[in-house]
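The notes below are meant for a colleague who is opening this entry for the first time. Please keep the sequence and the model side by side while reading, and take the points in order.

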Amino acid sequence: METLKEIPVKIWLIVIFFLFIPSAFDIMFQSAFETAWLLQLISIHLVITYLKGIGGIIICLLTIMIHLIRTIIEWDNADEWGSYDVEIFLMATVIKVVFTIVSIYQHKRISQKQRELEILNKKLKKKSKNLKTMAYHDSLTGLPNRNMLYKHLKKALYQCKRDKEKMAVMFLDLDRFKLINDTLGHPIGDDLLIQVTDRLLSIVRKGDVVARQGGDEFIIMLDVIEKDEVKQVAERILAEFSIPFILMDEEYVITPSIGISMFPYDGDDVETLIKNADTAMYTSKERKNSYHFFSSKNGDVFDRRLKLENGLRTAISNNEFKVYYQPQVDLNTGEIKAVEALLRWNHPELGLISPMEFIPLAEETGHIIHIGKWVLNIVCQQNKVWQNSGFPSLRVAVNVSSVQFQDAGFTEDVKEILRKSRLAPQFLELEITESIMQNVKEVLPIIKKLKEIGVKISIDDFGTGYSSLSVLNQLPIDYLKIDQSFTKAVLSSPNTEAIVKTIIQMGHSMNFILIAEGIENKEQVDFLVQNYCQMGQGYLFSRPLTAEEIMSILATKYKI
């Protein structure tokens with residue numbers, strides 16, 4: 001509501017002028033009653049137009065009252081109280097009072113509607129701004145999204161073409177991000193992405209653009225830059241990412257793989273530059289924690305990846321997968337106690353594909369769930385065939401991907417496969433990696449369910465991951481597999497020798513059975529036996545064999 005002090009001086013002058021006009025007319029022209037009355041109505045309207053609150057009412061009623069008092073005094077002196085003019089005047093006065101109140105009420109309603117419209121307009125502007133932000137920015141990190149990135153790239157590309165300058169596009173992907181998401185949960189994954197955003201923004205130059213492409217992929221636009229400067233930025237990123245991220249009060253080292261394309265060498269449009277940077281990034285993925293500039297060879301790598309990705313969809317139905325079995329022996333007696341199932345893929349065009357190449361790709365694309373289930377079916381059925389043939393009961397170990405292990409239906413799948421194959425659960429061993437154990441709260445219930453079913457659990461490649469003694473102590477593990485990198489170096493490196501001895505001693509203290517991987521010579525066996533490692537596997541004993549070859553060995557001897 002407007003106060004009297006807030007009214008401008010010019011408004012006061014207008015109000016006073018119009019308030020005195022009716023009285024002036026009434027004094028100067030005695031017969032101009034109608035004109036004075038009309039002018040007073042006009043003055044009331046003008047006052048109310050500028051003064052919409054109590055102040056307006058007070059001024060209007062005051063001028064009406066002054067006019068009324070002056071007229072009453074004149075009537076009293078002239079003794080005209082009973083005349084027709086008095087009645088008309090009094091009626092007109094009542095009309096003016098009512099007009100004043102009604103006008104104020106109407107103006108207040110109009111003002112209220114105006115305020116509502118203003119508020120609505122502000123809300124619409126805010127929503128419009130939010131929609132624009134959503135259209136061009138990532139909701140989690142606040143970074144420009146793909147749409148905004150393309151705008152920046154097109155503008156920068158136009159300027160570089162005009163000024164004959166160079167620019168770079170970096171395609172950055174986080175290594176092992178899916179594992180963090182699967183083991184620690186999506187909220188923690190989101191927290192990691194926000195921390196990554198902060199680090200990237202602190203590294204790039206002013207004017208460079210950091211955008212989120214989607215998932216754990218980021219694109220960085222480096223405008224007007226030479227190749228040596230691009231290298232410096234990439235190396236700063238790698239150095240910054242060597243500092244651990246803090247997630248749930250724990251330290252995690254998350255490394256990036258970076259692919260780089262440059263204008264004008266690797267493309268002269270936005271789509272080509274991004275595609276080639278993406279292709280170069282997949283070359284970096286092979287080594288991880290590295291950066292690569294695009295070259296024509298990268299294109300071959302990308303084509304190969306596409307072929308593998310497409311091939312994974314039909315590999316099972318086309319009978320391209322085959323399971324091999326590598327014996328695990330008692331190091332003291334040489335007796336075969338178990339076999340480890342190893343999956344191989346014979347691609348119709350590319351030939352034999354290493355599991356190191358196609359398993360990460362299967363995990364990334366989600367095919368690993370279907371493939372892993374197929375392997376479990378084949379292995380359990382095969383083990384039952386060996387048993388029905390009268391051979392000694394062997395335990396078959398199967399590697400389980402972290403993605404498959406944490407799938408909601410995994411334990412039920414295991415139970416159903418064992419039921420269909422009629423294999424006793426103690427003859428199935430599931431190998432999990434140390435990385436799965438990072439989130440013990442999620443992993444422990446799964447392992448307990450599997451132990452209730454009756455299957456055996458082993459930790460594969462022990463010593464290369466992030467497990468701690470406190471975590472191992474909580475998990476009902478049966479076997480601990482010493483990674484082959486330790487076995488190979490145990491005789492040549494005193495540090496490795498000390499590590500292996502410690503792992504064996506720790507395993508015994510926790511009642512685990514130790515299995516050494518990658519045994520290649522008798523000297524390694526002697527060292528392991530002397531330090532009480534119970535079992536081992538490697539090319540010294542046998543290469544991976546087909547199911548038929550395993551049956552032949554079992555038919556002639558049970559020892560290697």
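**Notes on the predicted model**

1. Ile550 has its place in helix α20, which covers residues 547–556. The model is a predicted one, and in it Ile550 counts as buried, with a relative accessibility of 4%. Leaving aside residues up to four places away in sequence, Ile550 touches Tyr325, Pro327, Val339, Trp386 and Leu545. One of these partners shows how sequence and space can part ways: Ile550 and Pro327 are 223 residues apart in sequence, yet their C-alpha atoms are 8.3 Å apart in space.

2. For the overall frame, the protein has 20 helices and 16 strands, and 47% of its 560 residues count as buried. Among the contacts with a separation of 6 or more, 68% are made by residues 24 or more positions apart. The protein exposes about 29,200 Å², and carbon and sulfur atoms supply 56% of that area.

3. Which residue shares Lys481 with Glu431 as a salt-bridge partner? The search of the whole structure finds 23 salt bridges, and in one of them the side chains of Lys481 and Glu431 meet at 2.8 Å, N to O. Lys481 lies in strand β14 (residues 479–482) and Glu431 in strand β12, so this pair ties together parts that are 50 residues apart in sequence. Both Lys481 and Glu431 are buried. The side chain of Lys481 also meets that of Glu517 in a salt bridge, here at 3.3 Å, N to O. Because Glu517 lies in the loop between β15 (513–516) and α19 (522–530) while Lys481 lies in strand β14, this second pair ties together parts that are 36 residues apart in sequence. Lys481 has a relative accessibility of 0% and counts as buried, and Glu517 is likewise buried, with a relative accessible area of 9%.

4. A further salt bridge is formed by the side chains of Glu549 and Arg543, at 3.1 Å, N to O. Glu549 counts as partly exposed at 27% relative accessibility, and Arg543 counts as partly exposed at 42%. Elsewhere, salt bridges that share partners join Glu340, Glu431, Lys481 and Glu517 into one network.

5. The aromatic pairs come to a count of 8. In one of them, Phe321 and Trp345 form a tilted pair, with 5.7 Å from centre to centre and 50° between the planes. Phe321 lies in strand β8 (residues 321–330) and Trp345 in strand β9 (residues 336–347), so the pair ties together parts that are 24 residues apart in sequence. Phe321 counts as buried at 7% relative accessibility, and Trp345 is buried with a relative accessible area of 0%. The rings of Phe405 and Phe410 have their centres 5.8 Å apart and their planes at 50°, so this pair is tilted; Phe405 and Phe410 are both buried. One aromatic cluster is formed by Phe321, Trp345, Phe358 and Trp374.

6. Two side chains that lie over aromatic faces also deserve a look. Arg199 lies over the face of Phe245, at 3.7 Å from the ring centre, while Lys227 lies over the face of Phe293, at 4.6 Å from the ring centre.

7. On the surface, Leu117, Leu120 and Leu124 make a nonpolar patch of about 310 Å². Leu117 has its place in helix α4, residues 84–136, and counts as exposed at 57% relative accessibility.

8. Some backbone details should be checked as well. A cis peptide bond, with omega about 10°, joins Phe263 and Pro264, and Pro264 is found in the loop between β6 (256–263) and α9 (270–287). Met248, a residue other than glycine, has a positive phi near 55°; Met248 sits in the loop between β4 (245–247) and β5 (250–252) and is partly exposed, with a relative accessible area of 48%. Arg422 has a positive phi near 60°, again in a residue other than glycine. The place of Arg422 is in the loop between α14 (410–421) and β12 (428–433), and at 68% relative accessibility Arg422 counts as exposed.

Definitions and conventions. Residues numbered from 1 in each chain as written. Predicted model: local features only at pLDDT ≥ 70, side-chain atom pairs only at ≥ 80, totals over all residues. Heavy atoms only, no water. Phe/Tyr/Trp six-rings, centres within 6.5 Å; stacked < 30°, edge-to-face > 60°. Helix = DSSP H or I, 4+ residues; strand = E, 2+ residues; numbered from the N terminus. Buried < 20%, exposed > 50% of the residue type's maximum accessible area, 1.4 Å probe, protein only. Lys NZ or Arg CZ within 6 Å of the ring centre and 35° of its normal. Patch = residues over 30% accessible without salt bridge, like charges linked within 9 Å, V, L, I, M, F, W, Y side chains within 5 Å. Areas by Shrake-Rupley, 256 points an atom, 1.4 Å probe, with all protein chains shown as cover. Salt bridge = Lys/Arg side-chain N within 4 Å of Asp/Glu carboxyl O. Contact = heavy atoms within 4.5 Å.
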